[in-house]
Amino acid sequence: LQIFDPPPLLYVRGELLPQDRLALAVGGSRRATNYGREVVQALVPELAAAGLTIVSGLALGIDAAAHRAALSVGGRTVGVLACGIDQIYPPSNGALAEEIIGSKKGAILTEFPPGTPTYPANFPIRNRIISGLSLAVLVVEAAEGSGTFHTVSAALEQGREVFAVPGSIFSPYSAGCAKLIEQGAKPVTRAADILEDLEVPA
């Protein structure tokens, strides 16, 4: 309700709780590298265990890794779809969506009516919901021109904090993070960097 052009309604499967207002969006490359996955495993379980609900897009790569890392410690997670609630994209993450719902540790949601397929234009629309549900956005890994930048732009418009993880200067999948840090995103090397900034007890 606080964002520009808020959705008139959201379709939800699973459960949303008042505590989910304490949320962090986590995103990055669909072609996650070993480094990106290791970063997720190093940061997200601690963030989820501290009480942050992990919000992401249920996509391949960093998104799916973030959802799974939250669930691995009994944390909460929310997946925001770019299609109808009766569809999962990519289909290979169907089991992950059902795990989120069945574990009673979160929800999947969308503003698109049932039956809506996944169009490329839906992703930027969806991404404003990911940032809108969250206090801040963490970019784990992203190439220049990554779709993750749609989420970052929405976050900045909404007054959300943006964090980025530094990476190898030799990796094209860290070039986007380097650019974000250059432009003022806060660099993150440990979960405490985020917890302290958001004033969440570890």
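Which residues in α2 meet which residues in α3? In this predicted model, A64, H67, R68 and L71 of α2 are in contact with L96, E99 and I100 of α3. By class, the residues of this contact comprise four nonpolar, one polar and two charged. Two packed helices are described by the angle between their axes and the distance between the axes. For helix α2 (residues 62-72) and helix α3 (residues 94-102), the axes come within 11 Å and cross at roughly 35°. The crossing of α2 and α3 is left-handed.

Nonpolar packing was examined next. In soluble globular proteins, nonpolar side chains tend to be buried together. Here the largest nonpolar core contains 27 residues, and V26, L47, L138 and I194 have the most contacts inside it. Two or more residues of this core come from each of β2, α1 (34-49), α2, β6 and α7 (191-197). The greatest contribution is that of α1, which supplies six residues. For L47, when neighbours within four places in sequence are set aside, the contacts are L24, L52, I54, A191, I194 and L195. A second core, separate from this one, has 19 residues, including A23, V78, L109 and V162.

A further buried position is A164, located in strand β7 (residues 161-164). The relative accessible area of A164 is 0%, and the residue is therefore classed as buried, the cut-off being under 20%. Excluding residues up to four places away in sequence, A164 touches L138, V139, C177, L180, I181, A185, K186, P187 and V188. L138, one of the residues in this list, is also among those with the most contacts inside the largest core. By comparison, G79 is 85 residues from A164 in sequence, and the two C-alpha atoms are 20 Å apart in space.

Charged side chains were then considered. Across the whole structure, a search finds nine salt bridges. One of them joins the side chains of D20 and R76, with an N to O distance of 2.7 Å. D20 lies in the loop between β1 (11-14) and β2 (23-28), whereas R76 lies in the loop between α2 and β4 (77-80), so this salt bridge ties together parts that are 56 residues apart in sequence. Both partners are buried: D20 has a relative accessible area of 10%, and R76 has one of 7%. D20 and R76 also belong, together with E15, to a network of salt bridges.

Another salt bridge is formed by the side chains of K179 and E144, at 3.7 Å from N to O. This pair links distant parts of the chain, with K179 in helix α6 (residues 175-182) and E144 in the loop between β6 (136-141) and α5 (148-157), 35 residues apart. K179 counts as partly exposed, at 36% relative accessibility, while E144, at 51%, counts as exposed.

R190 and E196 form a salt bridge as well, and their closest N and O atoms are 3.7 Å apart. In this pair R190 is partly exposed, with a relative accessible area of 42%, and E196 is exposed, with a relative accessible area of 52%. The burial of D20 and R76 thus stands beside the exposed state of E144 and E196.

Technical notes: Residues numbered from 1 in each chain as written. Predicted model: local features only at pLDDT ≥ 70, side-chain atom pairs only at ≥ 80, totals over all residues. Heavy atoms only, no water. Axes fitted to C-alpha atoms, helices over the stretch in contact; angles between N-to-C directions. Helix = DSSP H or I, 4+ residues; strand = E, 2+ residues; numbered from the N terminus. Left-handed = near helix turned anticlockwise from the far one by under 90°. Contact = heavy atoms within 4.5 Å. Nonpolar A, V, L, I, M, F, W, Y, C, P; charged D, E, K, R; others polar. Salt bridge = Lys/Arg side-chain N within 4 Å of Asp/Glu carboxyl O. Buried < 20%, exposed > 50% of the residue type's maximum accessible area, 1.4 Å probe, protein only. Core = buried A, V, L, I, M, F, W, Y, C linked by side-chain atoms within 4.5 Å.
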